[in-house]
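Biologist: Before we discuss this chain, could you set each label against the cut-off behind it, rather than simply asserting it?

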Amino acid sequence: MSDTPGFPWAADLGDGTYRNPVLNADWSDPDVVRVGDDYYLTASSFGRVPGLPLLHSRDLVNWSLVGHALQRLEPAEDFAAPRHDCGVWAPSFRHHDNRFWIFWGDPDHGVYQINTPSIGGPWSTPHLLKAGKGLIDACPLWDEETGEAYLVHAWAKSRSGVKNRLTGHRMSTDGRELLDAGRIIIDADRLPGWFTLEGPKLYLRDGWFWILAPAGGVEHGWQGAFRSREFFGPYKERVVLAQGRTEVNGPHQGAWVSSAAGEDWFVHFQARGAYGRVVHLQPMRWGADGWPVIGNDGEPVLVHTKPKAAEQPPAAPATDDDFPGGHFGPQWQWTANPQPGWSVRHPGEGLRLACRRTTDAHDLRKLPSALVQRLPAETFTVTVELALTGEDKGAKAGLAVLGDAFSWIGLEHGADGRTHLVHRFAETVAELERDAAHPREAPDGRALLRIEVAPGARCRFFADTGDGMRPSGPVFAATPWRWVGALLGLFATAPTGEGDSAGTASFTRFRITA
């Protein structure tokens with residue numbers, strides 16, 4: 001599937017309306033900025049590389065993935081191995097002084113920012129604006145009238161021992177320096193019923209400073225709005241979006257964006273277990289009392305009239321890949337900072353991954369050279385063709401569903417000198433993978449692999465080694481990490497031995513269908 005007309009899961013219903021979620025995949029903690037008639041979205045990318053995805057739309061409904069803003073995670077040595085729930089948390093996307101800006105918090109290192117005059121880059125080197133543990137969800141604001149600049153961020157209790165409060169700073173206009181020690185501008189421990197206040201987005205409107213921030217936790221929280229005449233407060237609060245009588249749990253954390261036509265919209269996520277945090281679009285208006293009204297009087301809508309914009313063809317981020325010249329599309333990310341030699345360029349089609357030797361070949365969760373992408377829908381089928389070259393015992397490659405538990409199907413060179421079809425898995429608490437089905441010979445060293453994903457992220461595995469497509473093993477329930485949804489993955493690896501590599505795996509015709 002690709003971001004082309006006729007995409008079967010596009011949110012655009014083709015009759016002037018759209019259906020939520022507008023992005024039915026794990027585009028976690030989204031923020032959106034409009035420049036002219038173009039909208040750009042970024043999202044948390046955690047420990048995957050490249051990071052900070054860049055999506056483009058002309059109508060907030062039909063989106064294409066156009067690249068990434070962050071080519072390596074810093075400090076680079078800290079991300080040489082997978083750190084699935086760490087890295088880039090809840091970025092903020094802004095356009096100021098003819099530049100695009102992205103600020104984010106890394107819970108282990110502090111607040112970073114990058115910027116560029118063009119969405120296509122190059123982006124600046126990450127600048128550590130505020131060092132410290134537990135500093136997350138950073139958002140800047142430039143006051144165009146006064147020339148002042150500000151920053152607000154939240155806190156992760158897991159690193160700092162502090163949560164449920166927002167800290168504000170005055171900031172230099174170049175975004176490179178904070179001008180004060182910072183103050184707590186909202187302490188939600190003093191607000192009855194409020195807990196886990198985080199994810200702030202900072203705005204100015206009609207002389208008011210607005211902070212739109214979620215509270216109540218990822219799964220079942222709500223969206224709060226805070227306003228003050230002064231940046232440092234005091235702020236008044238209101239719940240402006242909650243689940244109510246709908247089936248949309250925890251509708252919160254995201255972006256207010258105004259269209260060129262003068263409409264207001266709110267983009268937020270919904271946590272859906274193994275599928276991650278999918279993205280919804282809500283209408284927004286301003287009530288007579290000056291407070292925002294989001295969705296259907298504070299409850300999320302599932303179907304609504306599209307934003308006013310020129311007609312756009314139905315689209316969603318691409319997933320299919322023929323890997324021309326050995327290159328992979330922007331939908332793919334490594335699970336750590338990549339190293340030379342993980343993939344091999346060549347003049348034809350197909351992805352060639354080196355079977356790199358590692359002490360972690362038994363556990364895909366620890367493998368830095370897994371190439372992954374998001375689950376693209378609730379139900380779908382994924383297929384890929386695999387060929388495994390070389391003869392080194394234990395060299396293996398396959399197609400995986402990767403999360404806190406994982407399962408994969410693929411090929412492995414056995415001690416008998418033959419290539420076998422294998423299907424393995426590991427539970428959340430397991431340190432070693434084990435067989436999910438009895439191995440069988442793959443006489444040509446090739447296989448067509450397939451995974452069918454049903455509601456609840458229940459995965460059935462299949463393979464064809466020349467004797468027809470056959471099911472393998474029991475149903476596997478995909479499992480998210482703590483903050484990250486499950487992922488589809490391609491990998492090649494081998495146990496320790498002589499040399500760095502034990503052959504090559506070739507993947508061709510990666511396809512996802514409804």
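Biologist: Why is Phe 491 called buried?

Modeller: Phe 491 has a relative accessible area of 1%, and buried means under 20%, with exposed over 50% and partly exposed in between (1.4 Å probe, protein chains only), so the label applies to Phe 491. This is a predicted model, in which local features need pLDDT of at least 70 and side-chain atom pairs count only at pLDDT 80 or more, while totals for chains, interfaces and linings use all residues. Residues are numbered from 1 along each chain as its sequence is written, and side-chain values use heavy atoms, with hydrogens and water left out.

Biologist: How many aromatic pairs does a search of the whole structure find?

Modeller: The search finds 24, where rings of Phe, Tyr and Trp (its six-membered ring) pair if their centres lie within 6.5 Å, and planes under 30 degrees apart count as stacked, over 60 as edge-to-face and the rest as tilted. One of these pairs is Trp 210 with Trp 291, at 5.2 Å centre to centre and 90° between the planes, so both values satisfy the terms for an edge-to-face pair. The two residues are 81 apart in the chain, with Trp 210 in strand S15 (residues 208-215) and Trp 291 in the loop between strand S20 (277-286) and strand S21 (292-294); strands (E, at least two residues) and helices (H or I, at least four) are DSSP runs numbered from the N terminus. Both partners count as buried, Trp 210 at 1% relative accessibility and Trp 291 with a relative accessible area of 5%.

Biologist: What makes the pair of Trp 408 and Phe 491 edge-to-face?

Modeller: Their ring centres are 4.9 Å apart and their planes stand at 90°, so the pair is edge-to-face. This pair also links distant parts of the chain, since Trp 408 lies in strand S29 (residues 406-413) and Phe 491 in strand S36 (residues 487-494), 83 residues apart. At 0% relative accessibility, Trp 408 counts as buried.

Biologist: Which residues do ring pairs link into a cluster, and where does the charged end of Arg 205 sit?

Modeller: The cluster contains Tyr 203, Trp 210, Trp 256, Trp 286 and Trp 291. The charged end of Arg 205 sits over the ring of Trp 286, 3.8 Å from its centre; a charge counts as over a ring if NZ of Lys or CZ of Arg is within 6 Å of the ring centre and within 35 degrees of the ring normal. Arg 450, in turn, lies over the face of Phe 462, at 4.5 Å from the ring centre.

Biologist: What makes a set of residues a nonpolar core, and which residues have the most contacts inside the largest one?

Modeller: A nonpolar core is a set of buried Ala, Val, Leu, Ile, Met, Phe, Trp, Tyr and Cys residues joined through side-chain atoms within 4.5 Å. The largest has 46 residues, and those with the most contacts inside it are Leu 449, Leu 490, Phe 507 and Phe 510. Strands that each supply at least two residues of this core include S29, S36 and strand S37 (501-513). Apart from it lies another core, of 39 residues, among them Ala 156, Tyr 235, Trp 481 and Leu 487.

Biologist: How do you know that strand S30 (residues 419-426) is largely enclosed?

Modeller: 8 of the 8 residues of S30 are buried, so the strand is largely enclosed by the rest of the structure. Thr 419, Leu 421, His 423 and Phe 425 point one way, whereas His 420, Val 422, Arg 424 and Ala 426 point the other way.

Biologist: Over how many bridges do S29 and S30 pair?

Modeller: They pair in the antiparallel sense over 8 bridges, and since two strands pair if DSSP finds at least two bridges between them, the term holds for S29 and S30. Within this pairing, Ile 409 stands opposite His 423. The hairpin of S29 and S30 has 5 residues between the strands, where Gly 417 takes a positive phi near 85°. S30 is also joined by 2 bridges to strand S32 (residues 440-441), which runs antiparallel to it, and His 420 stands opposite Glu 441 there.

Biologist: Why do strand S10 (135-142) and strand S13 (183-187) stand at the edges?

Modeller: The open sheet has 4 strands in the order S10-S11-S12-S13, with antiparallel pairing. S10 and S13 each have a single partner strand, so one side of each is left without a neighbour in the sheet.
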